[in-house]
Amino acid sequence: MDTAVKSADPSLPIPLGEALARRSRQGVVVWGSNRVTVGGSAPVRVQSMTNTDTADAIGTAIQVKELALAGSELVRITVNNDEAAAAVPHIREQLDRMGVSVPLIGDFHYNGHKLLSDHPACAEALSKYRINPGNVGKGEKGDRQFAQMVEIAARHDKAIRIGVNWGSLDQELLARLMDQNSLRAQPWEARQVMYEALITSALESAAQAEALGLRREQVMLSCKVSGVQDLIAVYQALAQRCDNPLHLGLTEAGMGTKGTVASAAALAVLLQQGIGDTIRVSLTPQPGEARTQEVVIASEILQSLGLRVFVPSVTACPGCGRTTSTTFQELAKQIDDYLRSSMPVWRSKYPGVENMKVAVMGCIVNGPGESKHADIGISLPGTGEAPAAPVFIDGQKAMTLRGTGIASEFQAIVENYIEKRFGTSA
């Protein structure tokens with residue numbers, strides 16, 4: 001297999017509207033006994049990462065389960081010391097006892113070669129290893145330690161991700177490229193050199209991994225940065241120069257609205273161009289916020305683009321001077337929370353329910369129309385309207401609800417609709 005690193009002039013921009021072929025033209029990566037596939041014709045997968053102390057096997061297993069139930073199809077855990085490495089097989093066993101088959105990815109920095117060698121049960125229990133070429137050591141020592149990790153992966157038939165990050169970029173490589181750039185007749189800007197260093201680090205490391213025995217479809221790549229335009233530029237160039245599966249994520253995206261919007265802006269552009277096989281939204285949790293929030297946002301990005309369907313969608317108006325109260329807002333949240341929390345059970349009990357569309361509207365302007373377009377919808381009364389809420393099922397008015405129990409009555413109607421339409425006996 002040709003492992004030569006392709007070259008390209010990163011100073012030439014790629015038009016944002018140019019659609020690229022779906023990632024991983026070389027095939028798929030198979031991780032774990034549940035055969036989660038990545039690349040090729042497989043859907044773009046959602047990934048997350050725990051923030052527990054991995055040495056706490058029970059606590060980590062519980063969080064992995066929470067992330068998996070929220071929709072994470074791959075979960076990465078920190079493996080940073082002997083205690084964490086020793087806990088990994090127990091985490092896998094605990095997950096298996098709970099019926100959670102989600103693949104585990106080991107995140108290694110600095111001492112991964114030693115931990116994988118000293119803890120063979122850890123090497124076997126993990127489905128994939130994340131290796132940061134900037135943190136494996138310098139010079140010949142780094143080459144040996146990188147090779148040691150790759151050889152262990154090949155021995156256990158595991159996939160790896162070459163995860164380059166501009167916060168821990170190989171400084172020797174960057175210095176070499178800066179020297180080469182200084183000899184150009186028209187030197188690139190410093191940012192372009194940084195892009196090239198990220199990409200070169202990933203591609204050279206991938207070539208080394210293949211030379212050491214891994215198949216190309218076992219080698220996933222990522223080049224993470226924290227700027228939206230930087231991420232788009234780097235991945236557009238990377239996609240032009242390799243056919244490995246690609247993992248997308250805006251590193252250190254931040255908290256709340258900032259992290260959500262930045263991640264969505266960057267990932268949407270790349271996903272629309274067919275770039276990316278797995279994604280992660282790297283949110284800093286706000287105080288009291290569940291770790292699962294990043295999974296919800298990643299799923300929403302894919303569902304909003306029409307690339308995946310995870311949960312029934314709820315259409316709700318923003319409210320205006322025509323709406324009499326926050327009743328429709330409360331009902332929309334209640335229904336959305338109910339649908340999302342029910343999905344872990346419904347995925348197997350009601351096949352296809354994730355495609356259902358629900359509308360909760362606040363007045364007569366768009367309420368009836370949106371409700372008719374949904375599978376099931378309700379149009380609540382606005383200012384000056386009769387105190388009645390028509391319910392539409394499959395485009396037809398089915399009934400009108402009145403009184404103070406509209407919320408509970410509508411939820412019961414939704415439950416009955418789901419059972420009749422998606423139940424196994426339907």
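Eight strands of this predicted model form an open sheet, in which the pairing is parallel. Their order across the sheet is β8-β7-β6-β5-β4-β3-β11-β9. The sheet ends at β8 (219-224) on one edge and at β9 (247-248) on the other, and each of these edge strands pairs on one side only. As general background, the strands of a sheet pair through backbone hydrogen bonds, in either a parallel or an antiparallel sense.

**Pairing within the eight-stranded sheet**

- Strand β6, residues 128-131, pairs with strand β7, residues 159-165.
- The pairing of β6 and β7 is parallel and comprises four bridges.
- Within this pair of strands, K128 stands opposite A159 of β7.

**The strands β13, β14 and β15**

- Strand β13 (residues 313-316) pairs with β14 in the parallel sense, over four bridges.
- One residue pair can be named here: S313 has K357 of β14 as its bridge partner.
- Strand β14 (residues 357-361) also pairs with β15, again in the parallel sense and over four bridges.
- V358 has I376 of β15 as its bridge partner, and V360 is partnered by I378 of β15.
- Four of the five residues of β14 are buried, so this strand is mostly covered.
- In a regular strand, side chains alternate between the two faces of the sheet.
- Strand β15 (residues 376-379) shows two directions: I376 and I378 point one way, while G377 and S379 point the other way.
- These four residues of β15 are all buried.

**The chain as a whole**

- The chain contains 13 helices and 17 strands.
- For 426 residues, a compact globule would have a radius of gyration near 22 Å, and the value of 24 Å for this chain agrees with that expectation.
- Taken along the principal axes, the C-alpha atoms fill a box of roughly 80 × 55 × 40 Å.
- Buried residues make up 52% of the 426 residues.
- Among contacts with a separation of 6 or more, 67% are between residues 24 or more positions apart.
- The accessible surface comes to about 18700 Å², and carbon and sulfur atoms account for 51% of that area.
- The chain carries 41 positive and 44 negative charges, and the mean positions of the two groups are 3 Å apart.

**Residues W166 and A175**

- W166 is located in the loop between β7 and α6.
- Its relative accessibility is 24%; W166 therefore counts as partly exposed, as this class lies between the limits of 20% and 50%.
- Leaving aside neighbours within four places in sequence, W166 is in contact with R191, M194, L198, K224, V225, S226, G227 and D230.
- W166 and C223 are 57 residues apart along the chain, yet their C-alpha atoms are separated by 7.6 Å.
- A175 belongs to helix α6, which spans residues 171-182.
- With a relative accessible area of 39%, A175 is partly exposed.
- The C-alpha atoms of A175 and A197 are 9.2 Å apart, and 22 residues separate the two along the chain.

**Residue G256**

- G256 is found in helix α9, residues 256-272.
- Because its relative accessibility is 14%, G256 counts as buried; the limit for that class is under 20%.
- G256 touches L283, T284 and Q286, when residues up to four places away in sequence are not counted.
- Q293 lies 37 residues from G256 in sequence, and the C-alpha to C-alpha distance between them is 9.7 Å.

**Two residues with positive phi**

- Most residues other than glycine have a negative phi.
- E252 is not a glycine, although it has a positive phi of about 45°.
- The place of E252 is the loop between β9 and β10 (254-255).
- E252 has a relative accessible area of 55% and is therefore exposed, a class that begins over 50%.
- D394 is likewise a residue other than glycine with a positive phi, here near 55°.
- D394 is in the loop between β16 (389-393) and β17 (396-401).
- The relative accessible area of D394 is 49%, so this residue is partly exposed.

Conventions:
Residues numbered from 1 in each chain as written. Predicted model: local features only at pLDDT ≥ 70, side-chain atom pairs only at ≥ 80, totals over all residues. Heavy atoms only, no water. Rg over C-alpha atoms; globule rule 2.2 N^0.38 Å. Buried < 20%, exposed > 50% of the residue type's maximum accessible area, 1.4 Å probe, protein only. Contact = heavy atoms within 4.5 Å. Areas by Shrake-Rupley, 256 points an atom, 1.4 Å probe, with all protein chains shown as cover. Lys, Arg positive; Asp, Glu negative; His and termini not counted. Charge placed at Lys NZ, Arg CZ, Asp CG, Glu CD. Pairing = 2+ DSSP bridges.
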